[in-house]
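Student: Could you walk me through how to read salt bridges and chain interfaces in a model like this one?

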Amino acid sequence: MNAQEALRKISDEKPLVHHLTNYVTVNLVANVTLSTGALPVMAHAAEEVEEMASLASALVLNIGTLDPGQIGSMLLAGRRANERGIPVILDPVGAGATSLRTRTAERLLSELEIGAVCGNAGEVATLAGLDAEVRGVESLAGDAQSAALQAARSLGVTVAATGPVDYVSDGARTLAVSNGHALMGRVVGSGCASTSTIGCFAAVGGADAETVAHALAYYGRAGEVAAGSSGVGGGGTFEPRFLDALAALAGEPGELRGNVRVEEMSVG
Amino acid sequence: MNAQEALRKISDEKPLVHHLTNYVTVNLVANVTLSTGALPVMAHAAEEVEEMASLASALVLNIGTLDPGQIGSMLLAGRRANERGIPVILDPVGAGATSLRTRTAERLLSELEIGAVCGNAGEVATLAGLDAEVRGVESLAGDAQSAALQAARSLGVTVAATGPVDYVSDGARTLAVSNGHALMGRVVGSGCASTSTIGCFAAVGGADAETVAHALAYYGRAGEVAAGSSGVGGGGTFEPRFLDALAALAGEPGELRGNVRVEEMSVG
Amino acid sequence: MNAQEALRKISDEKPLVHHLTNYVTVNLVANVTLSTGALPVMAHAAEEVEEMASLASALVLNIGTLDPGQIGSMLLAGRRANERGIPVILDPVGAGATSLRTRTAERLLSELEIGAVCGNAGEVATLAGLDAEVRGVESLAGDAQSAALQAARSLGVTVAATGPVDYVSDGARTLAVSNGHALMGRVVGSGCASTSTIGCFAAVGGADAETVAHALAYYGRAGEVAAGSSGVGGGGTFEPRFLDALAALAGEPGELRGNVRVEEMSVG
């Protein structure tokens, strides 16, 4: 589903997007979800995650500040999401940095049906079994395109590897998304929030490569619009305008026409 | 107590407002509390909540990201607050969405003396035993005025049901607060933060209907001021100006004169 | 190490600064760390804190929303940091307000080799065994200079007591840092974030009094720059510009020349 159609459906349906996520960027991902036109909800207790997932149209799992209790709740919520057939989107924050994160990402991919994985090149490369350098939660190197393709093939899910250019692959085709702006990298949580945007799009359009790529294109386009607005002097002043731009584009999806840069990569 | 008097007392006394709250909006509620002139403090460990509540002038309980440990701590802090006679304000975030939240809100209301409840129409209707639609943490329908009145009567506490117009009832009288701006609904946590503002006012003026209504009027008036300031293009750029407006009005409460729209509803 | 040299090294090395911190201000401290040029990472599970600390160049322990599990993880991470010889920076948020916080700060100081402690005058005075008034997490009184000196002497570590003027002492010498702006006190977490800035500087320069003082001078200077920028009307609009100013000064450390106000106090 393309970005304009997805945003119109989100606006019509106001899907609930249930997050089990980290406490560092939770406020930003909630505001990005709301700006996109969906309804964010966070709930992590084992006592309620299944019930909350039953109300939701998509589930976003983000392992950025993982602990054992949260892993159990992710499995409960994910199984319920799978039973209901709603998409589950995984952000493997820090996979490759610690074994708890790598193992947990692998376990979630093994025990749940994940619709799409969205991470930086190093995290995605780790899940593809490639060499990667992940320091903390930052990827320091890696070929995002081949990481996305190989991870998609080995995991059998849609994979997005984000960076200056985002690559989205389902194993058969790979799409390159060149929307975006360098200031997005100066805001903590811009990666987490791109995954939540994929969650919003998947709630109405599924987690296929095209829908995931268009979510990232919309997200990147909002970054371009925000970066060009007056009064922006760095990541700090950029962030509030980025939320405004997401909401403005969600309210007028026609503005995206001609500004979405999603390109099919040839299978060289 | 009216808004001007409450803000002057808050400025004089700098009351400590102890929060047990959710991790999604905790930063905003802390900044709103500080902007109002009070001192926010968050402490949730069973090992210290009673001691912290002993230092506080009001206690705010917000169930937005509930878990069993937090429920136990809310009961400990709430009992200490009751012993000390300081007001306890409850935000039943998501009551009606999951049974954990509904049951917990009911339990807190049953085991503690709550001064005021502040939620959206759906949450308040749930606590009043009325039909309501709550999806995640958003209320999708409901008559806020009758929900507030009926909840106040059945629970025996002051109840605020927030929305485009806020209704505050103590069961005998109902006040309508028409201050506010639509952009407040485009910021995640604006509901949580309105409850914290009630906590600040209650710390100096108690949790009667008039004081609660004036807290919401001040809060809504700040939203109007912020929405009218230059450079606001959406929820993102609105939020920092909203904090500024809260602080500016707290510093010059006389500015509220003629701008507080609190109206007594006739008992039809 | 002076501020210009430290910022250049941070820019070159992009040190990973591992935080175990509170959930109120975690987003701000992460953004401040990123703006300073370092890479923030938060990880708190006992299952991964040692591994994450093994990747880091500094460890920041902030007790602002303490619980028993977090204390255990702080000890695990701190011991690993000590084995590796990376600096451990402690922010004793709320020490003096509750016994859990006071005891935990003392325990961390006793069981770990702490490089520097950074707190407000009341928290530092508490750790020095002096009388102090700490209400919640705010210091309401106290002589910051003598608190810093006496805490440094009794604890045997570098101590920073922040306030309108910051005092940094190693027990032998005391430095006064007069950079800063009153608006910093209108942002929740500005104290926590100053400690993270010390963490960034310590990652490349160690935790001696000069490096700590220069971290605070840089931080305060960014506050001055932000306060002077157009469109600032209070703490809300100040915060994003403060992040921009931190990043701008980190990118052009030469701008600090002549603007760092660090003064050696005579030992009266």
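**Salt bridges and an interface**

Tutor: Gladly! Let's start with one side chain: C:Arg107 has a relative accessible area of 40%, so it counts as partly exposed. Keep in mind that this is a predicted model.

Student: Which residue does C:Arg107 meet in a salt bridge?

Tutor: Its partner is C:Glu111, at 2.9 Å from N to O. Next, look at where the two sit: both belong to helix α5 of chain C, four residues apart, or about one turn of the helix. C:Glu111 is partly exposed too, at 37% relative accessible area, because that value falls between the 20% and 50% cut-offs.

Student: How many salt bridges does the structure hold over all chains?

Tutor: There are 27. One of them joins A:Glu111 to A:Arg79, with the closest N and O atoms 3.3 Å apart. Here the pair links distant parts of the chain, helix α5 (residues 99-111) and helix α4 (residues 68-84) of chain A, with the two positions 32 residues apart in numbering. Both ends are partly exposed: A:Glu111 at 36% relative accessibility and A:Arg79 at 37%. Salt bridges can also join up, and A:Glu50, A:Arg80 and A:Glu83 form such a network.

Student: Which residues form a salt bridge that crosses between chains, and are they buried or exposed?

Tutor: Try C:Arg101 and B:Glu48, whose side chains meet at 2.9 Å, N to O. The pair runs from helix α5 of chain C to the loop between β2 (39-42) and α3 (49-55) of chain B. Both residues are buried.

Student: And how do I read the interface as a whole?

Tutor: The accessible area lost when the parts come together is often used to give the size of an interface. Between chain B and chain C, about 2300 Å² is buried, with carbon and sulfur atoms giving 58% of that area. On chain B's side, B:Leu34, B:His44 and B:Asp244 supply 23% of what that chain buries against chain C, more than any other three residues. In contact terms, 25 residues of chain B meet 27 of chain C.

Student: How many salt bridges and polar contacts are there between chain B and chain C?

Tutor: The count is one salt bridge, and 13 residue pairs are in polar contact. On the side of chain B that touches chain C, α2 (26-36), β2, α3 and α10 (235-251) each supply at least two residues. Of these elements, α2(B) gives the most, with five residues. By residue type, that side divides into 15 nonpolar, three polar and seven charged.

Terms used: Residues numbered from 1 in each chain as written. Chains lettered and ligands numbered in written order. Predicted model: local features only at pLDDT ≥ 70, side-chain atom pairs only at ≥ 80, totals over all residues. Heavy atoms only, no water. Salt bridge = Lys/Arg side-chain N within 4 Å of Asp/Glu carboxyl O. Buried < 20%, exposed > 50% of the residue type's maximum accessible area, 1.4 Å probe, protein only. Contact = heavy atoms within 4.5 Å. Buried area = accessible area lost by both parts, 1.4 Å probe. Polar contact = N/O pair within 3.5 Å; in protein donor to acceptor, adjacent residues only side chain to side chain. Nonpolar A, V, L, I, M, F, W, Y, C, P; charged D, E, K, R; others polar.
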